[in-house]
Amino acid sequence: MTHDIRSDSHTPHFDGGPDWRDTATRYALLPLRVFLAVTFIYAGLDKLTDSAFMADSGSGSIGDMMSAARDSSAIPALIDMALNSPVGFGYAIAIGELAVGIGTLLGLLTRLAAFGGALISLSLWLTVSWSASPYYYGNDLPYLMAWIPLILAGAPVLSVDAAIRSRRRGGPSRHRAGVAHH
């Protein structure tokens, strides 16, 4: 009796389509993209709709939060700059978070949006959450690291970027259909 030795390590779909591992790999960044997008949209909207936050001073204000974080931040000069106009800075952060979130969710200029998200996370880590001890208690550093895969890979599926790439190539997007054509 002869036994064939399989050279592949997994079973393909019976219909000849891509196997589930290829599909999982293709869509691997999608949950991260959606999570970061929704989180940044929520953060931006939360800031814009919180009148206490958008104030120079007072309980829960951007001004008081930055003043409290100033002496324990890695770069106090960043906070000093923002304290010149805390409300303006608050609006800039909120609008930046919205732009990053919407761009990431739609997959529109995804690498640029992810870079913006990384810059926001970096600035918050170096200022507001720098004093967290141990460092992993601060939430801005994991957000910064989470943006890096999207900076590197963009949004290859279910995105405006992928649709634009497909149109430039003159054909239907193999990623949009979820099927690789070989």
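Me: Which helices each supply at least two residues of the lining of the largest pocket?

Reply: In this predicted model, they are α2, α3 (62-70), α4 (76-83), α5 (86-106), α6 (110-127) and α7. Helices here are DSSP runs (H or I, at least four residues), numbered from the N terminus. A pocket is an open set of points on a 1 Å grid over the protein atoms alone, with protein on both sides within 12 Å along at least five of seven lines; lining residues have an atom within 4 Å of a point. The largest share, five residues, comes from α2.

Me: What is the volume of the largest pocket, and which residues are closest to its centre?

Reply: About 540 Å³, where a volume is the space filled by probe spheres set on the points, joined across faces, edges and corners. Of its 24 lining residues, K47, I93, E97, L124 and D140 are the closest to the centre. The lining divides into 16 nonpolar, five polar and three charged residues. Ala, Val, Leu, Ile, Met, Phe, Trp, Tyr, Cys and Pro count as nonpolar, Asp, Glu, Lys and Arg as charged, and the others, Gly among them, as polar.

Me: How do I read a cavity?

Reply: Rolling a probe the size of a water molecule over the atoms shows where empty space is left. In a cavity, a 1.4 Å probe fits but cannot get out. This structure has one cavity of 30 Å³ or more, and the largest cavity holds about 50 Å³ of space. Its lining includes R26, Y27, L150 and P156.

Me: Back to α2: which of its residues are buried?

Reply: An α-helix has 3.6 residues a turn, so residues three or four places apart point the same way. In α2, the buried ones (under 20% relative accessible area, 1.4 Å probe, protein chains only) are L30, R33, L36, A37, F40, I41, A43, G44 and K47. They pack against α5, α6 and α7, with contact meaning heavy atoms within 4.5 Å.

Me: How many aromatic pairs are there?

Reply: Rings of Phe, Tyr and Trp (its six-membered ring) pair if their centres lie within 6.5 Å; planes over 60 degrees apart count as edge-to-face. That gives six pairs. F40 and W147 have ring centres 5.1 Å apart and planes at 90°, so they sit edge-to-face. Since F40 belongs to α2 (residues 30-49) and W147 to α7 (residues 140-153), the pair ties together parts 107 residues apart in sequence.

Me: What should I know about the numbering and the rules?

Reply: Residues are numbered from 1 along each chain as its sequence is written. Local features need pLDDT of at least 70 and side-chain atom pairs count only at pLDDT 80 or more, while totals for chains, interfaces and linings use all residues, and side-chain values use heavy atoms, leaving out hydrogens and water.

Key:
Phe/Tyr/Trp six-rings, centres within 6.5 Å; stacked < 30°, edge-to-face > 60°. Buried < 20%, exposed > 50% of the residue type's maximum accessible area, 1.4 Å probe, protein only.
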